[in-house]
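This report describes the salt bridges of one protein model. Its sequence and structure are shown below.

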Amino acid sequence: MRILSGIQPSGTLHLGNYFGMMRPAVELQDKGEALYFIADYHSMTSLFDAAQRRKNTWDVALDFLACGLDPKKSIFFRQSDVPEVTELSWLLSTLTPMSLLEKGHSFKDKSAKGIPVNHGLFAYPVLMAADILLYDSNIVPVGKDQKQHVEMTRDIAIKFNEQYGPTFVIPEPQIREETALVPGIDGQKMSKSYGNTIEIFGEEKATRKKIMGITMDSRTPAEPKPDADKNLAVQLLKLVAPAGVGAEIEERLRAGGFGYGDLKKALFEHYWNHFAAARQRRAELAANPDYVNGVLAEGAAKARAIARPILKRARQASGLE
Ligand code: ADP
Ligand code: TRP
């Protein structure tokens, strides 16, 4: 079984990225042959600062390795180190109906907000389909917001197979219900684009301040809070605290006598401890850039070796060869 997922270097990674995609991806490393990549080509649709892209790409590499991606088990690479993906993207684009792309959430959301939309953003799902199909991927672990993209990939692959004969494996998205949508500090989906994130490796003081600043309702500590399960700090606490701790604090809120200040303090402490070991590993990796570059170079070589014959298959099927 082949497992594949990617993450854009479009900003600093947060708890939504971690619980929605990175942790499931790390856990799946033992279940099959895993390929994980940094989607730097994709980041070009929304980030136009070259130095920033370079920095973000490096940070994503450190973050992912620190969070448990093991290069002995998985192939870890930079998307643009396998430029074959852009050729496959072209082949696929010629069988992708405009009407399919017009339904794309990320394109629709941005144009609705009046953000100027470039062709790359419109065609984003085609490049993502190429990412997935280029490696005969079976399983794609992602957060819920990416489900539509994987469904589009399936549609495009089916269309290609019908037109040119069996060529591509049809992939399945894998979405964990419990972490499908991690809420941000304003209650919306946590996202780099909404400025509502808690970073995985946030600076201590700033993150404490951010968490203590989460707005809550005006009930006093003494008042019982029967709706405590809906509280976003409780939801985040359940993710970062050891099993049972979140439920226990939820109970104390329900009973009354436990205030929001205490809740937020607990959230910060458990957040900080949850990532303590990873924070240490990240510092070690940052001090060893040769190792990290070596991992990415080796990953790219392995990924290319898988990709080339699959691209050839598509070229032959479509009459380019
Ligand atoms: P962002 O919305 O912050 O730009 P990305 O689109 O780069 O995040 O997402 C990278 C990965 O993290 C994807 O698999 C996505 O589904 C997952 N993800 C992002 N935000 C969340 C969230 N709030 N809850 C669960 N998963 C998320
Ligand atoms: N679009 C994904 C995101 O924003 C990143 C991505 C690019 C991806 N190519 C992929 C995810 C292929 C899974 C498979 O999160």
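## Salt bridges in the predicted model

The structure, a predicted model, holds 27 salt bridges. Side chains of opposite charge can pair when their charged atoms come close. Three pairs are set out in the table.

| Acidic residue | Basic residue | N to O distance |
|---|---|---|
| Glutamate 84 | Arginine 308 | 3.1 Å |
| Aspartate 136 | Arginine 313 | 2.9 Å |
| Glutamate 204 | Arginine 208 | 3.8 Å |

Glutamate 84 forms a salt bridge with arginine 308, and this pair links distant parts of the chain, 224 residues apart. Glutamate 84 lies in helix H4 (residues 84-93), while arginine 308 belongs to helix H15 (residues 289-317). Glutamate 84 is buried, its relative accessible area being 10%, whereas arginine 308 is partly exposed at 46% relative accessibility.

Helix H15 also holds arginine 313, the partner of aspartate 136 in a salt bridge. Here too the pair connects distant parts of the chain, with the two positions 177 residues apart in numbering. Aspartate 136 sits in the loop between helix H8 (124-133) and strand S4 (139-141). With a relative accessibility of 16%, aspartate 136 is buried; arginine 313, at 31%, is partly exposed.

Glutamate 204 and arginine 208 are placed within one helix, H10 (residues 204-212), four residues apart, or about one turn of the helix. Glutamate 204 is partly exposed at 33% relative accessibility, and arginine 208 is partly exposed at 34%.

Beyond these pairs, a network of salt bridges links Asp229, Lys230, Lys238, Glu250, Glu251 and Arg254.

Conventions: Residues numbered from 1 in each chain as written. Chains lettered and ligands numbered in written order. Predicted model: local features only at pLDDT ≥ 70, side-chain atom pairs only at ≥ 80, totals over all residues. Heavy atoms only, no water. Salt bridge = Lys/Arg side-chain N within 4 Å of Asp/Glu carboxyl O. Buried < 20%, exposed > 50% of the residue type's maximum accessible area, 1.4 Å probe, protein only.
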